[in-house]
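Colleague: Could you take me through one part of this model up close, the place where two helices pack together, and then show me what is around it? I'm new to this, so please go slowly.

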Amino acid sequence: MAKGRVAFVTGGASGIGEATARRLAADGDRVVISDVNEASGEAIVEELRGSGTDAHFIKLDVSDEAAVFASAEKVSADVGPVDVLVNSAGLLENATLITEMDRESHDQIWNVNYWGTMHCCRAFGAPMVANGRGAIVNIASITSFNAFPLPAYSPSKAAVKSLTELLSVEYGRAGVRVNAVAPTYTLTPAIKSRIQSGHRDPDSIKGAGALHVFVEPRHIADGIHFLCSDASEVITGVTLPIDAGWLAARGYNHYVGGKPWEA
Ligand SMILES: NC(=O)c1ccc[n+]([C@@H]2O[C@H](COP(=O)([O-])OP(=O)(O)OC[C@H]3O[C@@H](n4cnc5c(N)ncnc54)[C@H](O)[C@@H]3O)[C@@H](O)[C@H]2O)c1
């Protein structure tokens, strides 16, 4: 796809979405940031405009199906047909038991993480299919591959991975690619606040991956940028772990015989 594409990024006012909007803008894309956080989204758009990017903000709650479809029409009319969709709007969860989970917050997480992704893939994907071009990147998680004690979040991210595979086939016939990234714990505001409140342990996070480093939002943005670019033109339906080796290390680190270098 040519430079000057229109990229629509949900959850673009913070964390992975913000880093992705900045990465795509740096590469010459026209960027539409959407989020429920208007103040932060507008501030990022102002900054991007200041450095020459054609940037826009649209306030959108991705769990509101009618609003998502209306936004897709508005962006197409005001900015142009959307070539790239990145679904980064999401809610995290803290560990809890299924037997004790709060049903209302469970539904809210599903409404944003799964249904928000679904609504956007349908509303923005249909015109892409009609135009015969486009790339969608969803944000899955390492929890898409394993059960975590996160009763809403973990299954919602497994569902995002499955949806990505399903849509890659349905949309692929029209030349539209659908992929996902699966970040490990990433130092976004959402995770930083959980480290500060004691709900995540920074040393355990670093030690859990093969590389023993923190993953930053820019690392995830680089992977998303790749999956939106022509460099990945025959890659579709994948959920790409960007995890400093977390998935590779999970069995090794939990081997009951211990680690050979500790023997
Ligand atoms: N940070 C991590 O460790 C991590 C790991 C794996 C996956 N993820 C996923 O990455 C995505 C981004 O998370 P993040 O860490 O950057 O979080 P973040 O809180 O920094 O950013 C998320 C953004 O989504 C917005 N948002 C929330 N609900 C929304 C809604 N209903 N409609 C529109 N926007 C909404 C928030 O306002 C915020 O700006 C999420 O899907 C998250 O599940 C994060």
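Modeller: Sure, let's start with helix 4 and helix 5, which cross each other in a right-handed way. Keep in mind that this is a predicted model. To describe two packed helices, you give the angle between their axes and the distance between those axes. For helix 4 and helix 5, the angle is about 15 degrees and the axes lie 9 Å apart. Angles under 35 degrees count as roughly parallel, so helix 4 and helix 5 are roughly parallel to each other.

Now look at who touches whom. From helix 4 (103-131), the residues in this contact include Ile 109, Trp 110, Asn 113, Tyr 114 and Thr 117, and further along Met 118, Cys 121, Gly 125 and Val 129. Across from them, helix 5 (residues 153-172) brings Tyr 153, Ser 156, Lys 157, Ala 159, Val 160, Leu 163, Leu 167 and Tyr 171. Sort the residues of this contact by class and you get 12 nonpolar, four polar and one charged.

Helix 4 has another job in this picture: it supplies at least two residues of the shell around the ligand, and so do helix 1 (15-26) and helix 6 (189-196). That shell has 31 residues, and the closest to the ligand are Gly 11, Ser 14, Gly 15, Gly 90 and Thr 188. By class, the shell is made up of 15 nonpolar, 14 polar and two charged residues.

Helix 1 gives you a second packing to try out. The axes of helix 1 and helix 8 (residues 217-228) come within 8 Å and cross at roughly 55 degrees, so this pair counts as oblique. Their crossing is right-handed. On the helix 1 side, the contact is made by Gly 15, Ile 16, Glu 18, Ala 19, Thr 20, Arg 23 and Leu 24, while helix 8 offers Pro 217, Arg 218, Ile 220, Ala 221, Asp 222, Ile 224 and His 225. This contact has seven nonpolar, three polar and four charged residues. Notice Gly 15, by the way: it sits in this contact and is also among the residues closest to the ligand.

Finally, zoom out. The whole protein has nine helices and seven strands. Its radius of gyration is 18 Å, close to the 18 Å that the globule rule gives for 263 residues, so the protein is as compact as a globular protein of that length. Along its principal axes, the C-alpha trace spans about 60 × 40 × 40 Å.

Note on methods: Residues numbered from 1 in each chain as written. Predicted model: local features only at pLDDT ≥ 70, side-chain atom pairs only at ≥ 80, totals over all residues. Near = placed C-beta within 6 Å. Helix = DSSP H or I, 4+ residues; strand = E, 2+ residues; numbered from the N terminus. Nonpolar A, V, L, I, M, F, W, Y, C, P; charged D, E, K, R; others polar. Axes fitted to C-alpha atoms, helices over the stretch in contact; angles between N-to-C directions. Parallel < 35°, antiparallel > 145°, perpendicular 65-115°, else oblique. Left-handed = near helix turned anticlockwise from the far one by under 90°. Contact = placed C-beta atoms within 7 Å. Rg over C-alpha atoms; globule rule 2.2 N^0.38 Å.
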